[in-house]
Amino acid sequence: MSVLTRDEAQTRAQFLDVHRYKIDLDLTAGEETFDSRTVIQFTATAAGDTFVEVKPATLRSISLDGQPLDPADLVENRFPLTALTPGTHELHIDAAMRYSRTGEGMHRFTDPTDGETYVYTQLFMEDVQRVFAAFDQPDLKSVFELTVTAPEGWTVLGNAVAEHRGDGHWALAATPLISTYLVAVAAGPWHSVTTEHAGLPFGIHCRRSLAPYLDADADEILDITRACFDRFHEKFDEPYPFDSYDQAFVPEFNAGAMENPGLVTFRDEFIYRSAVTDTERQTRGMVIAHEMAHMWFGDLVTLAWWDDIWLNESFAEYMGYQTLAEATRFTDTWVDFGVARKGWGYDADQRPSTHPVAPDPAAVPDTASAMLNFDGISYAKGASALRQLVAWLGEKDFLAGINAHFARHKFANATLADFIDNLASATDRDVHAWADTWLRTTGVDTLTPRVAESDGNWTLGIDHNGSRPHRIAVGAYDHAPDTHTGTESLVLRDRFEIDVPLDGTPHTRPGNRPALLVLNDGDLSYAKVRLDGRSWETVLNGLSGVPDALTRAVIWNTARDMVRDGELAPTTYLEAARTHLPHETDLALAQGVLAFVATHVADRYIAPEKRPAALATLTSLCRDLIRRTEDGHNPGLRLIAVRHLIDAATQPDTIHDWLTNGTVPGGPELDPELRWRILTRLAVLGAIDETTIAAELEQDPSATGQEGAARCRAALPTPEAKATAWHALFNDDSLSNYLFTAIAQGFWQPEQADLVREYVPRYYPEATALAARRGPAIAEAAGRYAFPAYAVDAENLHLGDQALTDQALIPALNRKLTDQIDDLRRAINVRSAH
């Protein structure tokens, strides 16, 4: 397939004005393909040649201005349009298109629970061409009119209000000017909850088998939607630019969600069939807010080329967290960002694949390279940079610049230069210099305090390893007795703001040296921080006594970074978790720390002979949390502890008893998620067989049940189970993206290192061939989930380094392997340091 280059896109944008697409989709043609007929009305500004993109199963016919063209002229995904004359033209394309099972293009899913079928589009980057012919680049915006023929009983959703005209025929209202990648259709026998807000129709939709779960949460989802909608109208001068707002929760979705104008699609795991924590509900709320922010930043004003993807994602990430905190009951969203998202950015920024938040255009020469920038830098680091910018500019000037940007570029395209110019128009600050420093550079700064004490004062110096200026808060804390518990806690003595780097003179404050000094208190900047010796001693003994959850998040991130950098023993982090998590009150913190302990400390950073002891410590911690929550006052914390106790079990007896009894003593009762979690762990331990898995699948034949069974079967500790799973992963091209992921998750287990060792060298060539055959979505899954992450050894590292020299690696897999191998090298270094 030919990928679009930036130069080609710029040339075509100067040559064409695209006015209108009329697209007719027939979804009744069978299970393998659907019919796609497209009419494109456009103007050529000069005489010359260009091309249109389409990836058909069969190209039946194509004509230009009424004259038939030869379908055989299609080369890969491009059809040449030669000798165009200046003026208006009309292109007609009739094709059969393939349904997808990988979440790309038009994805088709049949629900195993009730046999109902659903289809939906995901057209990002280059996947428009899988559904209809298009001049496929973001700066050729157009009006889109769609008609859809669907089976009787189906509902069709799209970017605009849909009208059912009988006999399965649906017509969608014409859109305003939008980019090709933002066109969306979702069709099937949806269960829908509809309402009206601010004079617009609002709806939420899911497949029928999830109806009771959507109904249970409909009020919460719609309340968050309305609250964020109203808050954005307080922030933004431009009103919501589309005629309706639908949110469809769709199956087997690759991303968290997609910001299609008027029809946001979400992965339907956000419709909870099992118990979740309040932090997980908050995450769903943040994604709702994030996607709604895109209606303005991304949809109303769209990037001109993919080097500016951060303009979409960083903005929506920042606005998602900030607006949810302002408009809903989830007021502590920045704690979750600090502990769950910020590490994603820090990690990505320290790998060989790092890139600036706003990369040089030359670094994004084509669409294949652009796909690699959807990472922790474009989301978490970019949002952190914007948060620092707001702290520096003030929110009033920031929003004034944003509103100027919307007013100047609405229904059009804009670049980084446009954005910075618009911000600069609203402030006296040197925003251009800020952009050069924050957006055009890579890497994470590190701030280390130097504390001294004399003559009734204490002084603070900061060693600044990096190049960016920072405006940070510094928190000074003292010991104080807790009259309620009789233990010692920490109280804030002083919080003050300083600019880093300092002007060369240490900052002096009155009084004795504090027991704890925290740089970047409040987490307003993007930098790794360190603690001075006395502060670190205070933290090890009294972290749970730090009064503010966001401060605790900064400290836990400091410890996390020190472990990854080889400066702190993983066992020390584990013991700190063992000591302080039983007293933690913030769910996001407990969830984030336990996740790092389980997936990094216990599974990767500790040598295999020390792993049983680490799992025993983790189990003991989880039992403490379960005991602490016996009175039912914190069910979310109890659920987190139960999940991690299951995953850390080294003996089957306790969790097998829970499965038999259908409940954890004192609760919770086992819902489908917990049952499959227990069965997966029992499979790893060799305590169940195929008969048990099949019986559970009969009780839960849902899509998640199918995935749970596939995960369990791949986790069984037998050569036959591993051989079967491996063959499915790398030879069964009918596997959906979700079933592939489930099998891959079950395959590699630390307890089964000897059993799967022979597959480590096989992984690299077979993953390379698979990615080339099945494309970017499966390549990403193969690199993320099927990688032998638990083989933390020199042989795996050597094989990985060799694999990266293979010219046959497609970009998506190359990027994933680059990151995985860097993480593997880091894990080996951590083990050797301790």
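Guide: Start with one term: buried means under 20% relative accessible area, exposed means over 50%, and partly exposed lies in between (1.4 Å probe, protein chains only). Buried residues make up 60% of the 834 residues in this chain. This is a predicted model, where local features need pLDDT of at least 70, side-chain atom pairs count only at pLDDT 80 or more, and totals for chains, interfaces and linings use all residues. Residues are numbered from 1 along each chain as its sequence is written, and side-chain values use heavy atoms, with hydrogens and water left out.

Visitor: Why does Asp 523 count as buried or exposed?

Guide: Asp 523 has 5% relative accessibility, which is under 20%, so Asp 523 counts as buried. Asp 523 sits in the loop between β27 (516–519) and β28 (528–529). Beyond residues up to four places away in sequence, Asp 523 touches Gly 338, Lys 342, Arg 387, Leu 550 and Val 554. Touching here is contact: heavy atoms within 4.5 Å.

Visitor: What makes Thr 58 buried, exposed or partly exposed?

Guide: Thr 58 has 43% relative accessibility, between the two cut-offs, so Thr 58 counts as partly exposed. Thr 58 belongs to strand β4 (residues 58–64). Outside its neighbours within four places in sequence, Thr 58 contacts Asp 94, Ala 95 and Ala 96. Between Thr 58 and Ile 498 there are 64 Å in space, C-alpha to C-alpha, and 440 residues in sequence.

Visitor: How do you know how compact the chain is?

Guide: Compare two values. The radius of gyration, taken over C-alpha atoms, is set against the globule rule, 2.2 Å times the number of residues to the power 0.38. The chain has 27 Å, close to the 28 Å that the rule gives for 834 residues, so the chain is as compact as a globular protein of that length. The C-alpha trace spans about 90 × 70 × 55 Å along its principal axes.

Visitor: How many helices and strands are there?

Guide: The chain has 27 helices and 28 strands. Both are DSSP runs, numbered from the N terminus: helices are H or I with at least four residues, strands are E with at least two.

Visitor: What makes α24 and α26 roughly parallel or roughly perpendicular?

Guide: Helix α24 (residues 760–774) and helix α26 (residues 794–803) pack at about 15°, with axes 9 Å apart. Angles under 35 degrees count as roughly parallel, over 145 as roughly antiparallel, 65 to 115 as roughly perpendicular and the rest as oblique. So α24 is roughly parallel to α26. Val 760, Pro 761 and Tyr 764 of α24 meet Asn 796, Leu 799, Gly 800 and Ala 803 of α26.

Visitor: Which relation do α3 and α14 have, and why?

Guide: The axes of α3 (residues 278–294) and α14 (residues 587–605) come within 8 Å and cross at roughly 95°. That angle falls in 65 to 115, so the two are roughly perpendicular. Asp 278, Thr 279 and Glu 280 of α3 contact Leu 587, Ala 588 and Gln 591 of α14.

Visitor: What makes α22 mostly covered?

Guide: In α22, nine of its eleven residues are buried. Among them are Tyr 738, Phe 740 and Ile 743. The axes of helix α21 (residues 719–731) and helix α22 (residues 737–747) come within 10 Å and cross at roughly 145°. The residues making that contact include Trp 726 of α21 and Phe 747 of α22.

Note on methods: Axes are lines fitted to C-alpha atoms, for helices over the stretch in contact, and angles run from 0 to 180 degrees between N-to-C directions.
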